[in-house]
Amino acid sequence: MTHETIAANGLDFHCLTAGDRDAPLMLMLHGFPEYSGAWHEMMDRLSPHFFCVAPDQRGYNLSSKPEGVANYTGGKLATDAAAIIAHYRPGGRAAAVFGHDWGASVAYALAMRTPELLDRLIIANGVHPIPFQRELAKGGPQSAASQYIEWLREPGSEDRLAENAFDKMATLFGATMDMRWLTPERKADYLKAWSQPGAMRAMVNWYRATPLKVAKPGAPIPAADLPQMPAAQMRIAMPHLLLWGAGDSALLPETRDGLADLCDDLTVVDIPGADHWILHQQPDAVAAELMHFMGR
C-alpha cells in the first residue's frame with residue numbers, strides 16, 4: 001500500500017492506494033469516525049484485481065479541513081469524490097465506487113449527480129437518503145437509534161468527544177457493536193487520526209451540515225417539515241450492490257425498505273456474523289460478494 005497526497009477540488013487529500021495503477025479504479029469512501037485505514041482489509045483482498053484508492057475524506061486525518069459547517073455539505077463531498085476520480089482517471093471513470101456509513105452517503109450523492117463517473121455502486125451498511133429520512137422522521141426505532149446525531153450537532157460536542165483521550169468517541173464508536181477487530185495497535189492508529197489538528201470539529205461538521213431531520217422518539221415529524229427529496233432526481237441508474245451486516249444497531253434494516261423502487265438494478269446481500277463494522281468483521285465474505293458482483 002502507498003500513501004500519497006493529491007490536490008483535488010481545491011483541497012489536499014491524503015490517499016491510501018494499492019494495486020496496479022492501470023487496473024480498473026475502485027474508489028473507497030470511509031465513514032465516521034474512520035479514515036482511509038478503514039479499508040486495509042478490503043485493499044488486501046481487492047488490490048490484485050483493482051487499483052484501490054481510499055482517501056481521507058475532507059476533514060479527516062491528513063486531508064484538508066476547511067473551516068465552517070457550510071464546507072461539509074453533501075454537494076461539496078460528492079464533488080470531492082468526482083475530483084479524486086478525475087485525478088486518477090482524467091476524462092475517465094471508476095469501475096466502482098464503494099462506500100460505507102457516511103462514505104455511502106457520498107457515494108450515493110456521486111451516483112445521483114454524476115452517474116457518468118462510475119460503472120457500479122457498492123454500499124456496505126449505508127443508506128439512501130430517501131428511505132433514511134423517512135425512518136428518521138417516524139419517531140420509531142430508527143429515530144431512537146439516531147439520537148446520537150442530535151448530540152453530535154450540539155455546540156462543543158467535538159470537545160466532549162476528545163476528553164480523556166477520546167473516551168466518549170471510543171464509546172460511541174463501539175456502542176452495542178462487536179469490536180474485537182479493534183486491536184490495541186489499530187486503536188492507536190485511530191487515536192492518531194482523531195488527534196490531527198481540527199479533525200474532530202471537521203468530522204462532526206458533517207452531521208451539522210446535513211439537512212436530514214431526526215424525530216424524537218414518539219414524536220414524528222410531519223412530511224411538510226422534511227427536506228424535499230425528488231425521487232426522480234435521486235435514482236440510482238447503474239448496477240448497485242448493497243451489502244448488509246444484519247447486527248447493525250445504528251442503521252436498522254427498515255432503512256432499506258423501498259430502496260429497490262429507487263434503483264434500476266439493485267442486488268441486496270445479507271452478510272451473517274456482521275454489524276455496522278462489516279468491513280472489518282467479515283472481509284472475506286464482503287470481498288467474495290463484491291467480486292461476484294463485479295463479474296470477476
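These are legends for a set of close-up views of a predicted model.

**View 1. Helix α11 and its two sides.**
Start with α11, the helix that spans residues 283–293. Its buried residues are Pro283, Val286, Ala287, Leu290, Met291 and Phe293. Why do they sit on the same side of α11? Because the arc they cover around the axis is only 155°. Swing over to the other side of α11 and you find Asp284 and His292, both exposed. As for what covers the buried residues, the list includes strands β3 (25–29), β5 (94–100), β6 (118–124) and β7 (240–245), along with helices α1 (40–46) and α10 (278–281). Just past the end of α11, Gly295 has a positive phi, about 75°.

**View 2. Helices α7 and α8 where they cross.**
Here we look at α7 (residues 157–174) packed with α8 (residues 184–194). The angle between them is about 115°, and their axes are 11 Å apart. Their crossing is right-handed. On the α7 side, the contact is made by Ala165, Phe166, Met169, Ala170 and Phe173. From α8 come Lys187, Tyr190, Leu191 and Trp194. Sort these residues by class and you get eight nonpolar, one charged and no polar.

**View 3. Ala165, an odd backbone spot in α7.**
Stay on helix α7 and pick out Ala165. Its phi is positive, about 55°, although Ala165 is not a glycine. Is Ala165 buried or exposed? Its relative accessibility is 60%, so Ala165 counts as exposed. Even so, Ala165 is one of the α7 residues that make the contact with α8.

**View 4. Leu121 in the nonpolar core.**
The largest nonpolar core has 72 residues, and Val97 and Leu121 are the ones with the most contacts inside it. What does Leu121 touch, not counting residues up to four places away in sequence? Its partners are Val97, Ala107, Tyr108, Ala111, Ile236, Met238, Pro239, His240, Leu241 and Phe293. Another core, of 29 residues, lies apart from the largest one, and among its members are Met42, Ala54, Ala287 and Leu290. You've met two of these already: Ala287 and Leu290 are among the buried residues of α11.

**View 5. His100 and its neighbours.**
His100 belongs to strand β5. With a relative accessibility of 2%, His100 counts as buried. Set aside the neighbours within four places in sequence, and His100 is in contact with Leu29, His30, Gly31, Glu34, Trp39, Ala124, Asn125, His276, Trp277, Ile278 and Leu279.

**View 6. Two backbone details, at Asp101 and Pro33.**
Asp101 sits in the loop between β5 and α3 (102–113). Its phi is positive, about 55°, although Asp101 is not a glycine. Asp101 counts as buried because its relative accessibility is 13%, and the cut-off for buried is under 20%. Now shift to the loop between β3 and α1, where Pro33 lies. The peptide bond joining Phe32 and Pro33 is cis, with omega at about -5°.

**View 7. Leu243 in strand β7.**
Look for Leu243 in strand β7. At 0% relative accessibility, Leu243 counts as buried. Which residues is Leu243 in contact with, leaving aside its neighbours within four places in sequence? They are Ile122, Ile123, Ala124, Asn125, Val269, Ile271, Ile278, Val286 and Glu289. Val286 is also on the list of buried residues of α11. Tyr72 is 171 residues from Leu243 in sequence, and the two are 26 Å apart in space, C-alpha to C-alpha.

**View 8. Ala224 in its loop.**
The loop between α9 (199–209) and β7 holds Ala224. Ala224 has a relative accessible area of 71%, so it is exposed. Between the C-alpha atoms of Ala224 and Pro24 the separation is 44 Å, with their positions 200 residues apart along the chain.

**View 9. Helix α4 against α5.**
Which residues of helix α4 (residues 129–137) are buried? Pro131, Phe132, Gln133, Glu135, Leu136 and Ala137 are. The buried residues of α4 pack against α5 (141–145). Right after α4 comes Gly139, with a positive phi of about 80°.

Technical notes. Residues numbered from 1 in each chain as written. Predicted model: local features only at pLDDT ≥ 70, side-chain atom pairs only at ≥ 80, totals over all residues. Heavy atoms only, no water. Buried < 20%, exposed > 50% of the residue type's maximum accessible area, 1.4 Å probe, protein only. Helix = DSSP H or I, 4+ residues; strand = E, 2+ residues; numbered from the N terminus. Arc of directions from axis to C-beta. Contact = heavy atoms within 4.5 Å. Axes fitted to C-alpha atoms, helices over the stretch in contact; angles between N-to-C directions. Left-handed = near helix turned anticlockwise from the far one by under 90°. Nonpolar A, V, L, I, M, F, W, Y, C, P; charged D, E, K, R; others polar. Core = buried A, V, L, I, M, F, W, Y, C linked by side-chain atoms within 4.5 Å.
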